[in-house]
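Let's take a walk through this one together. Have the sequence and the model open side by side as you read.

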Amino acid sequence: QVQLVESGGGLVQAGGSLRLSCAASGSIFRFNAMGWYRQAPGKQRELVAVITSGDNTNYADSVKGRVTISRDNAKNTVYLQMNSLKPEDTAVYYCNAGDVWGNDFWGQGTQVTVSS
C-alpha cells in the first residue's frame, strides 16, 4: 500500500552531478530505514546507500565519498546527492523503505545515465 516515487534521474556527463528524490505517499517516520539501490543491465540489484531513523548512513564502497543520502521528514522525501559521476554509475536507481517489522517497499526506479 505504501507508494514510493523516484525522480531526478537523467543523462549527465561524467564528472557531473544529480540529485535523486524519493517521495513517499505518507510519513517516513514509520520507516526504520530508507535507501537507494541500483541495477545495471544484466546485473543484480545492489545497495548504494541507506539511512536509518537514527540518521546512521552506510554507502557502497564504489560510491563512498561521492554520494550523500539525506531525508526531509516534512516533505516525506529521501534524497541521494550524487557527485563526480562515472559511466559505471549508469543504472536504474530504486528507492527502498523498510519498517521495524521487516516489510520492504520499492519504487519503480529512475534511470541514471552517465556519458563519457
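What follows goes from the overall fold to the core and then to two single residues.

First, some ground rules: this is a predicted model, in which local features need pLDDT of at least 70 and side-chain atom pairs count only at pLDDT 80 or more, while totals for chains, interfaces and linings use all residues. Numbering starts from 1 along each chain as its sequence is written, and side-chain values use heavy atoms, with hydrogens and water left out.

How many helices and strands does the protein have? There are zero helices and eleven strands, with helices (H or I, at least four residues) and strands (E, at least two) taken as DSSP runs numbered from the N terminus. The protein is as compact as a globular protein of its length, because its radius of gyration is 13 Å, close to the 13 Å that the globule rule gives for 116 residues. That radius is taken over C-alpha atoms, and the rule is 2.2 Å times the number of residues to the power 0.38. Along the principal axes, the C-alpha trace spans about 40 × 25 × 25 Å.

Now look inside. Of the 116 residues, 40% count as buried, meaning under 20% relative accessible area (exposed is over 50%, partly exposed in between; 1.4 Å probe, protein chains only). The largest nonpolar core has 30 residues, and those with the most contacts inside it are L4, M34, W36, L80, M82 and Y93. Such a core is a set of buried Ala, Val, Leu, Ile, Met, Phe, Trp, Tyr and Cys residues joined through side-chain atoms within 4.5 Å. Strands that each supply at least two residues of this core include β3, β4 (33-39), β8 (77-82) and β9 (91-98).

Take M82 from that list. Not counting residues up to four places away in sequence, M82 touches G16, S17, L18, L20, R66, V67, Y93 and V112, where contact means heavy atoms within 4.5 Å.

Next, S21, which sits in strand β3 (residues 18-24). Is S21 buried or exposed? S21 counts as buried because its relative accessibility is 15%. Beyond its neighbours within four places in sequence, S21 is in contact with V5, E6, S7, W36, T77, V78 and Y79.

Finally, find D89 in the loop between β8 and β9. D89 has 1% relative accessibility, so it counts as buried. Leaving aside neighbours within four places in sequence, D89 contacts R38, V63, R66, S84, V112 and V114.
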